[in-house]
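The following exercises, each with a worked solution, are intended for a reader new to this structure. Please view the sequence and the model before beginning.

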Amino acid sequence: VEQLNFRAPHTLVLPAGNGTLLLGAFIGFRELKESGVISKIPKLIGIQAANCAPLAQAYQQKQTQFAKITPQATIAEGIAIAEPMRGTQMLEYVGITGGDFLTVEEAEIKETWKELALKGYYVEPTSAAVIAGLKNYLAHHAQKDEIVASVLTGHGLKKSI
């Protein structure tokens, strides 16, 4: 908000694992709105690995609870949460903002991870998954003048492929 001259971005693309960052962002933006600093809470887009995407699956089916899934292995371990502790709350908050959950395939995560490294950003695969989701959002969902923000959440020394 501060970097945007005390305006909120239209959309915020974040990892959707157990919910800490996504829920914290919603709560923070809600407080900024309630205090009059911003006029609208950004649309939240939660990113999950396609191999472990209980929230994306539930959201696409317009469910308020996620179903138990059998996850497959993913290099994006930070979002490989088959039963997110705050899953119901994440589904609710994403819905309130008019957001969505998007999934990314393993090949997209690896490709984006390498792209980021070549640009000087050595991040963990979970961060690369979020940026892969951001690229997907920008290519297929974003409006022309939409301000979209995201984050890099973890350093690459945690894991190598």
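## Exercise 1: Helix α3

In this predicted model, the residues of α3 that count as buried are Gly87, Met90, Leu91, Tyr93 and Val94.

Task: State which elements are included in the cover of the buried residues of α3, and describe the residue that follows the helix.

Solution.

Step 1. The cover over the buried residues of α3 includes α1 (20-34), β2, α2 and β3.

Step 2. After α3 comes Gly98, which has a positive phi, near 75 degrees.

## Exercise 2: Salt bridges

Task: Determine how many salt bridges the structure holds, and locate the partners of each.

Solution.

Step 1. The count is 3 salt bridges. In general terms, side chains of opposite charge can pair when their charged atoms come close. The cut-off needed here is 4 Å between a side-chain nitrogen of Lys or Arg and a carboxyl oxygen of Asp or Glu.

Step 2. Lys43 and Glu146 form a salt bridge through their side chains, with an N to O distance of 3.7 Å. This pair connects distant parts of the chain, 103 residues apart: Lys43 belongs to strand β2 (residues 43-49), while Glu146 sits in the loop between α5 (125-140) and β4 (148-150). Lys43 is partly exposed at 21% relative accessibility, whereas Glu146 is buried at 16%.

Step 3. Between Glu83 and Lys68, the closest N and O atoms of the salt bridge are 3.3 Å apart. Both residues lie in the loop between α2 (54-60) and α3 (87-96), 15 residues apart. Glu83 has a relative accessible area of 48% and is partly exposed; Lys68, at 68%, is exposed.

Step 4. Glu115 and Lys135 form a salt bridge with their closest N and O atoms 2.9 Å apart. Glu115 is in helix α4 (residues 106-118) and Lys135 is in helix α5, with their positions 20 residues apart in the chain. Glu115 counts as partly exposed at 30%, and Lys135 counts as partly exposed at 34%.

## Exercise 3: The packing of α4 and α5

Task: Classify the arrangement of α4 and α5 from the angle between their axes, and describe the contact.

Solution.

Step 1. Two packed helices are described by the angle between their axes and the distance between the axes. The axes of α4 and α5 come within 8 Å and cross at roughly 100 degrees.

Step 2. Angles of 65 to 115 degrees count as roughly perpendicular; therefore α4 is roughly perpendicular to α5.

Step 3. On the α4 side, the contact is made by Glu108, Ile109, Glu111, Thr112, Trp113, Glu115 and Leu116. On the α5 side, Pro125, Ala128, Ala129, Ile131, Ala132 and Lys135 take part. Sorted by class, the residues in this contact are 8 nonpolar, 1 polar and 4 charged.

Step 4. Thr112 of helix α4 serves as a detailed example. Its relative accessible area is 2%, so Thr112 is buried. Beyond its neighbours within four places in sequence, Thr112 contacts Ala128, Ile131, Ala132 and Lys135.

## Exercise 4: Aromatic pairs

Task: State how many aromatic pairs a search of the whole structure finds, and describe two of them.

Solution.

Step 1. The search finds 3 aromatic pairs.

Step 2. One of them joins Tyr59 and Phe101 in an edge-to-face arrangement, with 5.4 Å centre to centre and 65 degrees between the planes. Tyr59 lies in helix α2 and Phe101 in strand β3 (residues 100-104), so the pair ties together parts 42 residues apart in sequence. Phe101 is buried, at 1% relative accessibility.

Step 3. Another pair, Trp113 with Tyr122, is tilted: the centres are 6.2 Å apart and the planes are at 35 degrees. Trp113 is buried at 11% relative accessibility, whereas Tyr122 is partly exposed at 36%.

## Exercise 5: The surroundings of Ala50

Task: Establish where Ala50 is placed, whether Ala50 is buried or exposed, and what Ala50 contacts.

Solution.

Step 1. Ala50 is placed in the loop between β2 and α2.

Step 2. With a relative accessible area of 29%, Ala50 falls in the partly exposed class.

Step 3. Setting aside neighbours within four places in sequence, Ala50 is in contact with Thr103, Val104 and Glu105.

Step 4. Ala50 and Ala82 are separated by 32 residues in sequence and by 11 Å in space, C-alpha to C-alpha.

Note on methods. Residues numbered from 1 in each chain as written. Predicted model: local features only at pLDDT ≥ 70, side-chain atom pairs only at ≥ 80, totals over all residues. Heavy atoms only, no water. Helix = DSSP H or I, 4+ residues; strand = E, 2+ residues; numbered from the N terminus. Buried < 20%, exposed > 50% of the residue type's maximum accessible area, 1.4 Å probe, protein only. Axes fitted to C-alpha atoms, helices over the stretch in contact; angles between N-to-C directions. Parallel < 35°, antiparallel > 145°, perpendicular 65-115°, else oblique. Contact = heavy atoms within 4.5 Å. Nonpolar A, V, L, I, M, F, W, Y, C, P; charged D, E, K, R; others polar. Phe/Tyr/Trp six-rings, centres within 6.5 Å; stacked < 30°, edge-to-face > 60°.
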